[in-house]
Amino acid sequence: MTRIFVPIDSTALSLDAEEVAEALAQGLQRKGAQAEIVRNGSRGLFWLEPLVEVETPAGRVGYGPVTPADVPGLLAANFLEGGEHPLRLGLVEEIPYLKRQQRLTFARCGIVDPLSLSDYEAHGGYRGLAKALTLEPAAIVEAVTVSGLRGRGGAGFPTGIKWKTVLGAASDQKYIVCNADEGDSGTFADRLLLEGDPFVLIEGMTIAGVAVGATQGFVYIRSEYPHSFRTFKQAVQIARDEGKLGRRILGSPHDFDIEVRLGAGAYICGEETSLLESLEGKRGVIRFKPPLPALQGLFGKPTVVNNLITLATVPFILSEGAETYRDFGMGRSRGTLPVQLAGNVKYGGLVELAFGVTLDTLINDFGGGTRSGRPLRAVQIGGPLGAYLPASLLGLPMDYEALAAKRGMLGHGGMVLFDDSVDMARQARFAMEFCALESCGKCTPCRIGSTRGVEVLDRIIAGRDPDKQTALLRDLCEVMTDGSLCALGGLTPLPVLSALEHFPEDFKRPVPAAAE
Ligand SMILES: Cc1cc2nc3c(=O)[nH]c(=O)nc-3n(C[C@H](O)[C@H](O)[C@H](O)COP(=O)(O)O)c2cc1C
Ligand code: SF4
């Protein structure tokens with residue numbers, strides 16, 4: 001029977017994918033046509049959503065973006081056999097945006113039915129865990145170390161080292177915590193996987209559990225992702241019913257289960273120690289480090305806290321080999337990075353490529369430049385704490401160290417584009433205001449400093465004594481950088497100072513008439 005794929009992820013649903021699926025079901029019934037409608041995840045090519053695909057002998061043919069009103073015309077155009085239609089995109093795998101990617105972590109996303117375990121296994125799923133179960137725990141950790149995998153949550157910390165610390169900690173109970181709080185602006189990679197390939201996370205967490213000796217996992221999903229939460233909970237239940245979670249997984253001596261939690265709705269709850277507080281039922285406030293969560297984490301027990309993409313990459317490393325993964329990338333940034341293009345961009349979506357790809361390739365070749373068509377002025381990389389880089393730095397390769405050398409950071413791989421209408425002094429103010437709103441309040445440089453920072457920037461924007469106020473702003477940024485307890489206060493100066501460095505003209509406002 002012909003299979004038609006209609007995405008069921010939040011992006012497609014917000015663009016009427018449910019109505020499209022219903023119209024298709026009714027149209028097929030009226031025609032008496034035999035076809036199965038499969039609800040897949042998103043391929044991450046958002047401007048084409050809902051992207052409807054039809055399985056043909058040549059491959060999957062895409063049509064998009066499809067509205068419910070397009071359905072009768074598609075059926076009349078014989079789209080069940082890949083017929084011609086103005087919305088026809090040809091073979092989906094041949095769409096350059098997709099074809100030019102190197103999808104390792106997202107290999108199955110948009111292809112499989114997210115809630116079909118058999119589909120997951122038919123596409124290579126559970127091969128990584130099967131391999132892990134043949135290895136000693138230390139050998140699993142070694143494979144992750146050799147792969148060069150670094151945390152995709154923001155700090156880029158080597159995953160193998162973190163796992164080794166937890167493996168070496170003696171305890172009656174250890175935990176694996178998946179950070180799916182995805183608070184960075186312009187990011188959606190975690191969500192795409194939760195809704196498009198949830199079993200890869202379950203498999204990755206199980207491998208982590210086997211590797212370090214943890215029997216319980218928690219997934220902390222941001223509260224703004226109710227659809228991801230529902231989908232992932234269903235996937236966990238399916239995995240449990242099929243013996244992939246629970247006692248003696250896959251017939252091995254290992255137990256591992258997962259509990260899914262909805263986040264508390266604060267940016268700071270994405271920081272690992274606040275997240276642990278929140279998981280324990282307390283307010284999301286930063287804990288002092290040391291002790292490291294790897295030694296005293298959830299409920300005081302040794303805990304691996306990893307970002308969702310980090311954990312979801314582990315099955316590939318185990319099944320395809322650490323060297324295969326390590327062969328992608330540049331310098332100390334190994335493997336691939338799922339970049340998320342957002343903001344004022346023509347072709348927004350997910351682009352997974354080996355580290356080393358330039359900003360220019362990502363923004364212009366993939367993103368097609370700004371959606372407004374005006375010249376690109378700035379791109380903020382790495383969320384609200386990331387630097388604003390000017391268009392003159394588009395040659396920069398995406399690599400942790402290369403970005404750090406330009407006083408930037410990769411964060412979770414989100415890129416937010418701005419055209420030449422942006423006011424960078426206001427963006428700097430936004431960074432300070434964001435910090436003031438999201439500060440957990442534990443330390444003074446962040447709690448008070450960010451509020452004073454907003455006031456100073458208000459004076460700069462109003463053109464009041466700009467030189468003195470700019471000097472004051474720099475001073476304040478130094479105090480926040482050096483004196484904050486965590487990276488929220490410590491990194492807020494990054495976007496502020498980058499705006500000052502690269503766009504100084506925006507901070508020299510005309511002096512108000514009354515002051516002349
Ligand atoms: C203010 C703040 C917010 C953060 N938000 C997130 C987040 O939403 N998701 C995430 O994975 N890491 C976030 N992090 C990073 C985590 O603290 C931690 O480094 C990460 O979960 C570790 O996993 P990884 O090594 O796999 O990156 C945040 C850090 C800070 C300082
Ligand atoms: S820097 Fe801000 S968020 Fe971090 S501990 Fe201090 S007050 Fe809390």
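Which element gives the largest share of the lining of the second largest pocket? I looked this up in a predicted model, where local features need pLDDT of at least 70, side-chain atom pairs count only at pLDDT 80 or more, and totals for chains, interfaces and linings use all residues. Residues are numbered from 1 along each chain as its sequence is written, and side-chain values use heavy atoms, with hydrogens and water left out.

I found that H13 supplies that largest share, with five residues; helices and strands here are DSSP runs of at least four residues (H or I) and at least two (E), numbered from the N terminus. A pocket is an open set of points on a 1 Å grid over the protein atoms alone, where a 1.4 Å probe fits, with protein on both sides within 12 Å along at least five of seven lines, and lining residues have an atom within 4 Å of a point.

I then turned to helix packing. Helix H8 (residues 159-168) and helix H10 (residues 198-212) pack at about 45°, with axes 8 Å apart; axes are lines fitted to C-alpha atoms over the stretch in contact, and angles run from 0 to 180 degrees between N-to-C directions. That angle makes H8 oblique to H10, as angles under 35 degrees count as roughly parallel, over 145 as roughly antiparallel, 65 to 115 as roughly perpendicular and the rest as oblique. I noted that Trp 163, Val 166 and Leu 167 of H8 meet Ala 208, Ala 211 and Val 212 of H10, contact meaning heavy atoms within 4.5 Å.

How values were computed
Chains are lettered from A and ligands numbered from 1 in the order in which they are written.
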